[in-house]
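Please work through the following exercises with the sequence and the model at hand. Each task is followed by a worked solution.

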Amino acid sequence: MPWIRTANVAMYEGADWSGFVKTVSGCTPQQAQRIAMADPSIRFFFFCREFMILTNPAWSGPRTFEPGDAVFFSGEPWFGGAPQCDSYQKDGLSLAYMGGVTETSPAVAAQFTTAQGLNAVDIVCLFGANLNLAVPDNDVRLAPDVPVPSGGTLAVAGSGWPAAMQESVATLQAQGIIVLITFVNNWDAAGWSNFDPTTTQGQQDAQNFALQLQSLVKTYGLDGIDIDDEYAKPDLGIPNSLAMVTSMIRTLMPDKILSKALWADEQYFGPTYDGVGLAQNLTYGWYMGYGSDPSAILPTYAGFGMEPSQLAMGYWTGQSAYPPTLGIDWMKSKGYAGYMTYATESAGNQALLGDLVNAWMGPGNWNETG
């Protein structure tokens with residue numbers, strides 16, 4: 001969700017610093033926002049514009065901070081005056097699925113700002129690349145450098161996707177927006193829950209697919225992978241398939257975001273692969289059963305081991321039986337992450353996302369600058 005910036009303050013040097021996570025040097029505020037958004041436990045950071053020294057009786061000696069240092073914390077801030085710094089506090093999460101991907105369409109997300117002039121959208125999911133057993137007409141492989149045997153699962157998308165990602169990913173990231181690529185099953189036997197952990201072939205297929213994802217994330221500088229597990233034919237629904245393939249992805253890309261569009265998937269959160277379950281591998285999850293009451297849905301996933309700060313509610317103008325802003329106060333009071341909108345390339349869903357931002361942050365926090 002959009003950030004709240006407080007000028008000329010840092011974490012008070014005499015406060016309890018037990019929530020200190022890390023310092024990253026050579027940052028911009030926008031890069032620091034992306035770093036913080038990739039870790040749901042981070043609640044705020046201060047960014048140094050000038051050199052600063054802080055002392056605390058609990059420390060072995062003074063701590064020095066250089067211009068461009070971003071200092072990250074969990075927990076709640078205790079700010080003190082520091083004219084060398086600005087602090088940024090996470091106020092939840094605002095996510096936009098962007099379909100109809102072209103060279104310019106995803107960048108529309110950067111046109112919306114809060115009352116402070118900061119991004120009103122935190123994460124963009126490019127929707128949707130596909131899993132297929134063969135490359136469909138007018139599509140291309142997204143990681144052609146990774147060898148895949150005939151009949152193996154391929155990462156594919158429309159022929160215009162490589163140029164679109166080359167053009168839009170860095171543009172959005174420069175504004176401090178996380179960019180993920182969503183993979184959805186595409187009407188054949190390649191599917192997120194169709195990898196069979198009981199066979200050597202199933203394990204190798206999952207590993208090859210994970211290697212393709214690693215390759216394309218590196219090639220285009222993406223922040224991670226988003227899972228949309230639907231439309232596999234046949235849908236085998238192998239219980240520990242998702243635990244296996246997400247474990248392989250997490251091993252290859254431990255610092256990248258791995259998220260899931262949640263829906264009709266409770267059966268996949270119990271099984272494990274090498275002792276690790278799906279919930280342990282996910283950075284975030286957002287519920288895509290649009291038109292639902294969040295208080296009836298999100299606690300289920302919290303019960304599977306995900307923290308409220310990892311869970312968001314989905315909204316879409318095509319299915320809006322439940323008043324979209326009605327659950328905002330409940331989600332905020334329970335510490336849930338925020339919300340996502342589907343098909344945010346359309347004006348109607350941009351307006352819906354604006355209603356959600358204003359309901360969460362207060363009126364005037366959704367402004368179009370483009």
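The exercises below treat cysteines, a strand, nonpolar cores and pockets in turn.

The model is predicted, so local features need pLDDT of at least 70 and side-chain atom pairs count only at pLDDT 80 or more, while totals for chains, interfaces and linings use all residues. Residues are numbered from 1 along each chain as its sequence is written, and side-chain values use heavy atoms, with hydrogens and water left out.

**Exercise 1. Cysteines**

Determine how many disulfides the whole structure contains, and state whether Cys48 is buried or exposed.

Solution. Step 1: apply the criterion that a disulfide is a pair of cysteine sulfur atoms within 2.5 Å. Step 2: the search of the whole structure returns 0 disulfides. Step 3: for Cys48, the nearest cysteine sulfur belongs to Cys85 and is 3.7 Å away, and Cys48 is in no disulfide. Step 4: Cys48 has 1% relative accessibility and therefore counts as buried, where buried means under 20% relative accessible area, exposed over 50% and partly exposed in between (1.4 Å probe, protein chains only).

**Exercise 2. The surroundings of strand β10**

Establish which strands pair with β10 and in what sense, and how many of the residues of β10 are buried.

Solution. Step 1: locate the strand. Helices (H or I, at least four residues) and strands (E, at least two) are DSSP runs, numbered from the N terminus; β10 covers residues 123-132. Step 2: list the partners, given that two strands pair if DSSP finds at least two bridges between them. Strand β8 (residues 93-98) pairs with β10 in the parallel sense over 4 bridges, and Ala96 has Val124 as its bridge partner in β10. Strand β13 (residues 178-185) is also parallel to β10, over 7 bridges, with Ile123 opposite Ile178. Strand β12 (residues 154-158) runs antiparallel to β10 and is joined to it by 3 bridges; here Leu131 stands opposite Ala155. Step 3: assess burial. Because 9 of its 10 residues are buried, β10 is largely enclosed by the rest of the structure. Step 4: examine two individual residues. Cys125 counts as buried, at 0% relative accessibility. Asn132 lies in β10 and is buried with a relative accessible area of 4%; its C-alpha is 9.6 Å from that of Ala157, 25 residues away in sequence.

**Exercise 3. Nonpolar cores**

Identify which residues have the most contacts inside the largest nonpolar core.

Solution. Step 1: a nonpolar core is a set of buried Ala, Val, Leu, Ile, Met, Phe, Trp, Tyr and Cys residues joined through side-chain atoms within 4.5 Å. Step 2: the largest such core has 71 residues, and the most contacts inside it are made by Ile181, Phe183, Trp192, Leu216 and Leu222. Step 3: helix α3 (residues 200-220) gives the most to this core, with 7 residues. Step 4: another core, of 29 residues, lies apart from it and includes Leu118, Ile123, Cys125 and Ile257.

**Exercise 4. The largest pocket**

State which residues are the closest to the centre of the largest pocket, and how its lining divides by class.

Solution. Step 1: on a 1 Å grid over the protein atoms alone, a pocket is an open set of points where a 1.4 Å probe fits, with protein on both sides within 12 Å along at least five of seven lines; lining residues have an atom within 4 Å of a point. Step 2: the largest pocket has a volume of about 390 Å³, a volume being the space filled by probe spheres set on the points, which are joined across faces, edges and corners. Step 3: 15 residues line this pocket, and Ile35, Ala38, Asp255, Lys256 and Ile257 are the closest to its centre. Step 4: the lining comprises 7 nonpolar, 1 polar and 7 charged residues; Ala, Val, Leu, Ile, Met, Phe, Trp, Tyr, Cys and Pro count as nonpolar, Asp, Glu, Lys and Arg as charged, and the others, Gly among them, as polar.
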